[in-house]
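Trainee: I have a model open on my screen and would like a close look at a single part of it. Could you walk me through one strand of the sheet and then show me how the rest is arranged around that strand?

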Amino acid sequence: MIGFEQFGTGEHKLIGMHGWFGNEDTFKSLQLSLDPRKYQCAWLAHRGYGRSVAVAGNYSMAEMADDALAVADNLGWTSFSVIGHSMGAKAAQVLATRVPSRVKKLIAVTPVSADPIPLDPQTRSLFEAATRSPESRRSVIDFSTGGRLSSVWIDQLACDSIARSTSEASAAYLRSWADDDFSGSIRRCEIQTLVVVGVEDPSITPQLCELGFRSRYPHLAIVAMQNSGHYPMDEIPLAFGATVAAFLQSSAGQR
């Protein structure tokens, strides 16, 4: 069993699946916006990261989905919503399409789509270097947030994320989120879905999400958030939290 943090005791269950530079703390800012009497959350630490840093595996999107389902089963959750950030959003889609009758709502934050990502050689090289190099990781974070945030925050995220993960896991997850193709398994997913993008993120844009999600998720809302890049949960935590809470509370798509 992978490690995770829990929050709340409520009826609405929520699984959080972090991104490439994340851990079980990724979605903790949501605790400022979710009533613990209404929600019970499991913030996962995927294999090779955070509380699961010593848990070995193949470090893939499919394994992330399997692990999330195992946590839900262990907690006795017959139904739940799922929120995923970046690569975690790709794994969340895998989870949702495997057990669609159990997933109430799907939230994809600055998401990697279900398709392979056509990284050019220069970008691929930078990302591969970022699995072990703090400087390369800083460059990725700075670019993905529009080159507009404090170097202090960028340095902290880069250094903390490297300290709380293994380079082996980071490299394998990169290959999986960039190269794995799950598009064939998504055939008109009826789950109510929210995609959140930051307008300052130059790579994950509303237009790109329209292409990657609209034809597969008929009950889709795409929200572009101002003053945010790739990490809205860190950059604009209260505005992000209010958007997520409103979606979870809405009656549309409730099952």
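Mentor: Happy to! Let's start with a pairing: β2 and β4 run parallel to each other and are joined over four bridges. Please keep in mind that this is a predicted model. Within that pairing, L14 stands opposite S81 of β4. On the other side of our story is β3, which also runs parallel to β2, with five bridges between the two. There, K13 has Q40 of β3 as its bridge partner. If you wonder what holds such pairs together in general, strands of a sheet pair through backbone hydrogen bonds, either parallel or antiparallel.

Now turn to the side chains of β2. H12, L14 and G16 point one way from the strand, while K13, I15 and M17 point the other way. Both sets are buried. Since six of the six residues of β2 are buried, the strand is largely enclosed by the rest of the structure.

What does the enclosing? Begin with the sheet itself. It is open, has seven strands and follows the order β1-β3-β2-β4-β5-β6-β7, with mixed pairing. At its edges are β1 (4-7) and β7 (220-225), each of which pairs on one side only. Neighbouring strands in this sheet are turned against each other by 15° on average, with direction ignored.

Next come the helices. Helix α2, residues 87-98, packs on the sheet and touches β2 (12-17), β4 (80-85) and β5. The direction of α2 makes about 150° with that of β4. Helix α9, residues 237-249, lies across β2, β3 (39-44), β4, β5, β6 and β7. Relative to β5, α9 runs at about 155°. So that you can place these two among the others: the chain has nine helices and seven strands.

Let's follow the sheet from β4 onward. Strand β5 (residues 103-109) runs parallel to β6 (residues 192-198), and five bridges join them. In that pair, V109 of the one strand has V196 of β6 as its bridge partner. Go on to T110 and you are in the loop between β5 and α3. The phi of T110 is near 35°, a positive value in a residue other than glycine. That is worth a second look because most residues other than glycine have a negative phi. T110 is also buried, with a relative accessible area of 0%.

A second residue of this kind is Y59, in the loop between β3 and α1 (61-75). Here phi is near 55°, again positive in a residue that is not glycine. Y59 is buried as well, at a relative accessible area of 5%.

The loop with T110 leads towards α3, so let's visit that helix too. A130 is placed in α3 (residues 121-130). Its relative accessible area is 0%, which makes A130 buried. Leaving aside residues up to four places away in sequence, A130 touches W20, F21, S136, R137 and V140. For a sense of distance, A130 and M225 are 95 residues apart in sequence and 26 Å apart in space, C-alpha to C-alpha.

You may also be curious about the cysteines. A disulfide is a covalent bond between the sulfur atoms of two cysteines. This structure holds zero of them. The sulfur of C189 has its closest cysteine sulfur in C209, 16 Å away, which is too far for a bond. Both residues are tucked away from the surface: C189 is buried at a relative accessible area of 8%, and C209 is buried at 2%.

Finally, step back to the whole chain. Buried residues make up 55% of its 255 residues, and β2, with six of six buried, is part of that picture. Among contacts between residues at least 6 apart in sequence, 79% join residues at least 24 apart. The C-alpha trace spans about 45 × 40 × 35 Å along its principal axes. The radius of gyration is 17 Å, which agrees with the value near 18 Å for a compact globule of 255 residues. The accessible surface comes to about 10,400 Å², and 51% of that belongs to carbon and sulfur atoms.

Technical notes. Residues numbered from 1 in each chain as written. Predicted model: local features only at pLDDT ≥ 70, side-chain atom pairs only at ≥ 80, totals over all residues. Heavy atoms only, no water. Pairing = 2+ DSSP bridges. Axes fitted to C-alpha atoms, helices over the stretch in contact; angles between N-to-C directions. Contact = heavy atoms within 4.5 Å. Rg over C-alpha atoms; globule rule 2.2 N^0.38 Å. Buried < 20%, exposed > 50% of the residue type's maximum accessible area, 1.4 Å probe, protein only. Areas by Shrake-Rupley, 256 points an atom, 1.4 Å probe, with all protein chains shown as cover. Disulfide = S-S within 2.5 Å.
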